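Work through the exercises below with the sequence and the model open. Each task is followed by a solution in steps.

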Amino acid sequence: MGGRLTRVFRTFNVESRARREISKEKPTPAPRHPTSRLDELAGHPEVQEEIYRRDDRLLTFLKDVYVESRDPPVRVKDGGGEYLPCKQEEKRLTKLGHLGDLDVKKVPKGKISIVEALTLLNNHKLHPQIWTAEKIAVEYSLELKEVNSLLEFFIPFAVQEFPKETKKAIKPT
């Protein structure tokens, strides 16, 4: 409703309002700043003569000036290769993935994808004798110290269902 009302006021008597604005007398422009009148002064012969007159005193000062310029020695910044890759990072193919094209295909050595992390944590949880820290480090190209930290501090989720012991539980309807 509000849009219709504003549209009515906006389009009301548009042509006559436009004619009224067009027929108004244009405002007179503001006076120009005196520096913009240099073009008028350039036409006078006295000014032109002053511009092109040769001043010997100033020329002798200019001839006495001697500028000697040397480039500073070029210093090579040793940033430790922050900006330029010094060598190509080694990558390995990921072990598995269920999402096809959305999965990460290559992972740098020393790192693992999320799917691989969850898989190796679950394998270690289910079969700790088979999936030892040493085997995981070799299988996924990781350092043994990092694998031990991973197995110690990260625990995969486990779904636990508690048996219904009471008969007073709410029955689904």
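**Exercise 1.** Which residues are exposed on the other side of α8, away from its buried residues?

Solution. The model is a predicted one.
Step 1: Find the buried residues of α8, taking buried as under 20% relative accessible area. They are V147, L150 and L151.
Step 2: Check how these residues are placed around the helix. V147, L150 and L151 cover an arc of only 95° around the axis, so they sit on the same side of α8. An α-helix has 3.6 residues a turn, so residues three or four places apart point the same way.
Step 3: Turn to the other side of α8. The exposed residues there are K145, E152 and F153.

**Exercise 2.** Identify the helices against which the buried residues of α8 pack.

Solution.
Step 1: Start again from V147, L150 and L151, the buried residues of α8.
Step 2: Look for their partners. The buried residues of α8 pack against α6, which spans 114-126, and against α7.
Step 3: Place α7 and α8 along the chain. α7 covers 133-139 and α8 covers 144-153, with a loop between them that contains S141.

**Exercise 3.** Examine the backbone at N13 and at S141, and state where each residue lies.

Solution.
Step 1: Recall the usual sign. Most residues other than glycine have a negative phi.
Step 2: Read the angles. N13, which is not a glycine, has a positive phi of about 55°. S141 is also a residue other than glycine, and its phi is positive, near 55°.
Step 3: Locate the residues. N13 is in the loop between α1 (2-11) and α2 (14-23). S141 is in the loop between α7 and α8.
Step 4: Add the accessibility. N13 is partly exposed, at 40% relative accessible area, and S141 is partly exposed at 30%.

**Exercise 4.** How many salt bridges does the structure hold, and which side chains form them?

Solution.
Step 1: Apply the cut-off, a side-chain nitrogen of Lys or Arg within 4 Å of a carboxyl oxygen of Asp or Glu. The structure holds three salt bridges.
Step 2: List the pairs with their N to O distances.
- K24 and E21, at 3.2 Å.
- R53 and E50, at 2.9 Å.
- E68 and R70, at 2.7 Å.

Step 3: Classify the residues by accessibility. K24 is partly exposed, with a relative accessible area of 46%, and R53 is partly exposed at 48%. E68 counts as exposed at 52%, and R70 counts as exposed at 68%.

Terms used:
Residues numbered from 1 in each chain as written. Predicted model: local features only at pLDDT ≥ 70, side-chain atom pairs only at ≥ 80, totals over all residues. Heavy atoms only, no water. Helix = DSSP H or I, 4+ residues; strand = E, 2+ residues; numbered from the N terminus. Buried < 20%, exposed > 50% of the residue type's maximum accessible area, 1.4 Å probe, protein only. Arc of directions from axis to C-beta. Contact = heavy atoms within 4.5 Å.
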